[in-house]
Every structure is written in C-alpha cells, then in structure tokens.
Amino acid sequence: PTPLTPTQAPRLGLTKTGPGKARAGATARYTITVVNRGAAALRDLSLSDVLPEGMSLTATPSGARLKG
C-alpha cells in the first residue's frame with residue numbers, strides 16, 4: 001500500500017450530545033456525530049459507545065447517514 005502523506009490523511013472529529021442526567025425509567029436520547037475534515041476518504045468506519053451502568057438500549061435508527 002502507498003503511505004498517506006499528511007495532506008492526504010483523514011482528520012476525524014467526534015461529538016456526543018445528550019442529557020447530563022437521566023431519570024430512572026425515562027428515555028434519554030443521545031446523538032453521536034463523526035466528521036472527516038481531512039482530505040482522505042474513509043471506508044468501513046466503526047464506532048462503539050459503551051452504555052453507562054443501569055442504562056439499556058431500547059431503539060436504534062434504521063441506518064447511519066453519511067454527510068459530505
């Protein structure tokens with residue numbers, strides 16, 4: 001493979017937004033956004049996020065959206 005030069009490298013930014021606290025039994029909605037500000041395209045990017053103790057996943061979006 002050809003090594004990437006700094007001008008071709010991906011440059012990822014990640015933000016996670018949501019409530020600072022959640023009431024027991026209530027729904028808490030979080031949004032995770034990943035942005036590539038670099039010049040190199042990325043493929044098959046995987047992201048994991050661990051749920052805090054006591055929380056459970058009840059719904060997920062039907063798919064991810066790619067912008068840009």
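Trainee: What share of the contacts in the chain with a separation of 6 or more comes from residues 24 or more positions apart?

Mentor: Those residues account for 43% of such contacts. Keep in mind as we talk that this is a predicted model.

Trainee: What makes up the secondary structure here, in helices and strands?

Mentor: The chain has two strands and zero helices. Of its 68 residues, 3% count as buried, a label that needs a relative accessible area under 20%. The chain exposes about 6700 Å², and 53% of that comes from carbon and sulfur atoms.

Trainee: Let's try the charged pair. Why is the contact of Asp49 with Lys16 called a salt bridge?

Mentor: Set the value against the cut-off. A side-chain nitrogen of Lys or Arg must be within 4 Å of a carboxyl oxygen of Asp or Glu. For Asp49 and Lys16 the closest N and O atoms are 2.9 Å apart, so the pair meets the limit. The structure holds one salt bridge.

Trainee: Which parts of the chain does that pair tie together?

Mentor: Lys16 belongs to strand β1 (residues 12–17) and Asp49 to the segment after β2 (31–36), so the bridge ties together parts that are 33 residues apart in sequence.

Trainee: How do you know which accessibility class Asp49 and Lys16 belong to?

Mentor: Asp49 has 42% relative accessibility and Lys16 has 43%. The class between the buried limit of 20% and the exposed limit of 50% is called partly exposed, so both residues count as partly exposed.

Trainee: And Asp44, is that residue buried or exposed?

Mentor: Exposed calls for over 50%, and Asp44 has a relative accessible area of 81%, so the label is exposed. Asp44 sits in the segment after β2.

Trainee: What is the phi of Asp44?

Mentor: Asp44 has a positive phi of about 55°, although this residue is not a glycine.

Trainee: Next, the surface. Which residues form the nonpolar patch?

Mentor: The patch is formed by Leu12, Leu14, Ile32, Val34, Leu42, Leu45 and Leu47, with about 600 Å² of accessible area together. Strands β1 and β2 each supply at least two of the patch residues.

Trainee: What makes Leu14 pass the accessibility test for a patch?

Mentor: A patch residue needs over 30% relative accessible area. Leu14, in strand β1, has 53%, so Leu14 passes that test and also counts as exposed.

Trainee: Where is Arg29, and how do you know its accessibility class?

Mentor: Arg29 lies in the loop between β1 and β2. Its relative accessibility is 71% and the exposed class begins over 50%, so Arg29 counts as exposed.

Trainee: Which residues is Arg29 in contact with, leaving aside neighbours within four places in sequence?

Mentor: They are Thr17, Gly18 and Pro19, each with heavy atoms within 4.5 Å of Arg29. The C-alpha atoms of Arg29 and Gly18 are separated by 6.0 Å, with their positions 11 residues apart along the chain counted as the separation.

Trainee: Last one: what is the accessibility class of Gln8?

Mentor: Gln8, found in the segment before β1, has a relative accessible area of 37%, so Gln8 is partly exposed. Leaving aside neighbours within four places in sequence, Gln8 is in contact with Pro3, Ala39 and Ala40. The C-alpha atoms of Gln8 and Gly38 are separated by 6.9 Å, although the two residues are 30 apart along the chain.

Notes: Residues numbered from 1 in each chain as written. Predicted model: local features only at pLDDT ≥ 70, side-chain atom pairs only at ≥ 80, totals over all residues. Heavy atoms only, no water. Helix = DSSP H or I, 4+ residues; strand = E, 2+ residues; numbered from the N terminus. Buried < 20%, exposed > 50% of the residue type's maximum accessible area, 1.4 Å probe, protein only. Areas by Shrake-Rupley, 256 points an atom, 1.4 Å probe, with all protein chains shown as cover. Patch = residues over 30% accessible without salt bridge, like charges linked within 9 Å, V, L, I, M, F, W, Y side chains within 5 Å.
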